[in-house]
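Thanks for coming. I have one structure to go through today, so please look at the screen.

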Amino acid sequence: MKFFIDTANLEEIKVASQWGIIVGVTTNPSLIAKEGRKLVDVIKEITTLVDGPISAEVQEGNAEDMVKEAFTYAEMHPNIVIKIPMTFEGIKATSILSSHNIKTNVTLCFSVAQAMMAASAGATFVSPFMGRLDDYTNDPEAGYSLLEDIRIAYDNYGIETEIIAASIRHPKHIEQAALAGSDIATVPFKVFTQMIEHPLTTKGLEIFRNAK
Ligand code: G3P
């Protein structure tokens, strides 16, 4: 399973990129807004930090406007992936962009049916949101089950659209994404810092450090 980082914060990306395990970046309008800078400026800087797919989300609207906005991002750098919301206009825009070989990431996916539509439109990536689905259903395994079912459905037809496990809230989601066979997990910086920790690791390190 590949790791992307889910942030628009350049400091977090700079630190994480040094670990040698981050192969992509996802952003969204909320993450961009948090930085208080223009999307194009943030995305341009991210392209200098990570050499891999970098998702920039278009404003939701009609297909024509989304495609127009998408082209302005795509021409910035070959690694730019256009993040598109799961609507009929978004599916239409995805179909148009994939016919122009522009990479897409269909986001806000919460069902197998939606994931199948994204794949049929030629989406490069689809982003099922684990945390938000767990919260909505009050079931800590709802996101896990969704990923498992999308994996089965995609494998039934040899679908090449890559699954990006998104809306990750804690290390357990990483375990669930890996066990479900997600191609990618896009992880907030804070969750990476939780993933590396385990009380027995800490204890073991202390013992080794004090060994004389
Ligand atoms: O960026 C897409 C997704 O990972 C955001 O998830 O629920 O943390 O806003 P969330």
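I will go through strands, then some loop residues, then contacts between side chains. One caution before that: this is a predicted model.

Start at the N-terminal end of the sheet pairing. Strand E1, residues 2-6, pairs with E2 in the parallel sense, over four bridges. If you want a register point, Phe3 has Ile22 in E2 as its bridge partner. Helix H1 belongs with these two strands: E1, H1 and E2 make a β-α-β unit, and that unit is right-handed.

How covered is E2? Mostly: four of its five residues are buried. E2 also pairs with strand E3, residues 54-57, again in the parallel sense, here over two bridges. The register point there is Thr26, whose bridge partner in E3 is Ser55.

Stay on Thr26 for a moment. Its side chain is joined to the side chain of Thr186 by a polar contact of 2.5 Å. Thr186 sits in strand E8, residues 184-187. Thr186 has a relative accessible area of 2%, so it counts as buried.

Between H1 and E2 there is a loop, and Trp19 is in it. Is Trp19 buried or exposed, or something between? The relative accessible area of Trp19 is 37%, so it is called partly exposed. Together with Val15 and Ile21, Trp19 makes a nonpolar surface patch of about 250 Å².

Now the second group of strands. Strand E5, residues 104-109, and E6 pair in the parallel sense over three bridges. Asn105 has Phe125 in E6 as its bridge partner. From E5 the chain crosses through helix H6, residues 112-120, to E6, and this β-α-β crossover is right-handed.

On its other pairing, E6 runs parallel to E7, with two bridges. Phe125 turns up again here, standing opposite Glu162 in E7. As for cover, both faces of E6 are closed off: Phe125 and Ser127 on one side are buried, and so are Val126 and Pro128 on the other.

Next, two backbone points. Most residues other than glycine have a negative phi. Asn138 has a positive phi, near 55°, and so has Ser167, at about 55°. Where are they? Asn138 is in the loop between helices H7 and H8, and Ser167 is in the loop between strand E7 and helix H9. Their surroundings are another matter. Asn138 is exposed, because its relative accessibility is 71%. Ser167, with a relative accessible area of 8%, is buried.

One short contact in helix H3, which covers residues 39-47 and holds Lys44. The backbone oxygen of Lys44 lies 2.4 Å from a polar atom of the Thr47 side chain. Thr47 is in H3 too. Lys44 counts as partly exposed at 48% relative accessibility, whereas Thr47, at 14%, counts as buried. For a sense of scale, Lys44 and Ala93 are 49 residues apart in sequence and 23 Å apart in space, C-alpha to C-alpha.

That leaves the charged pairs. Side chains of opposite charge can pair when their charged atoms come close. How many salt bridges does the structure hold? There are seven, and I will mention some of them.

In helix H1, Glu11 and Lys14 are three residues apart, about one turn of the helix. Their side chains form a salt bridge at 3.2 Å, N to O. Lys14 is partly exposed, at 33% relative accessibility.

Helix H9 has a pair with that spacing: Glu175 and Lys172 are three residues apart, so about one helical turn separates them. Their closest N and O atoms are 2.9 Å apart. Both are partly exposed, Glu175 at 40% relative accessibility and Lys172 at 42%.

A further salt bridge joins Arg169 and Asp135, with the closest N and O atoms 3.4 Å apart. Arg169 is in the loop between E7 and H9 and Asp135 is in helix H7, so this pair ties together parts that are 34 residues apart in sequence. Arg169 is partly exposed at 37% relative accessibility, and Asp135 is exposed at 53%.

Last item: Arg151, Asp155 and Asp183 are linked in a network of salt bridges. That is where I will stop.

Key
Residues numbered from 1 in each chain as written. Predicted model: local features only at pLDDT ≥ 70, side-chain atom pairs only at ≥ 80, totals over all residues. Heavy atoms only, no water. Patch = residues over 30% accessible without salt bridge, like charges linked within 9 Å, V, L, I, M, F, W, Y side chains within 5 Å. Areas by Shrake-Rupley, 256 points an atom, 1.4 Å probe, with all protein chains shown as cover. Salt bridge = Lys/Arg side-chain N within 4 Å of Asp/Glu carboxyl O. Buried < 20%, exposed > 50% of the residue type's maximum accessible area, 1.4 Å probe, protein only. Pairing = 2+ DSSP bridges. Right-handed = clockwise from strand over helix to strand, strands pointing away. Polar contact = N/O pair within 3.5 Å; in protein donor to acceptor, adjacent residues only side chain to side chain.
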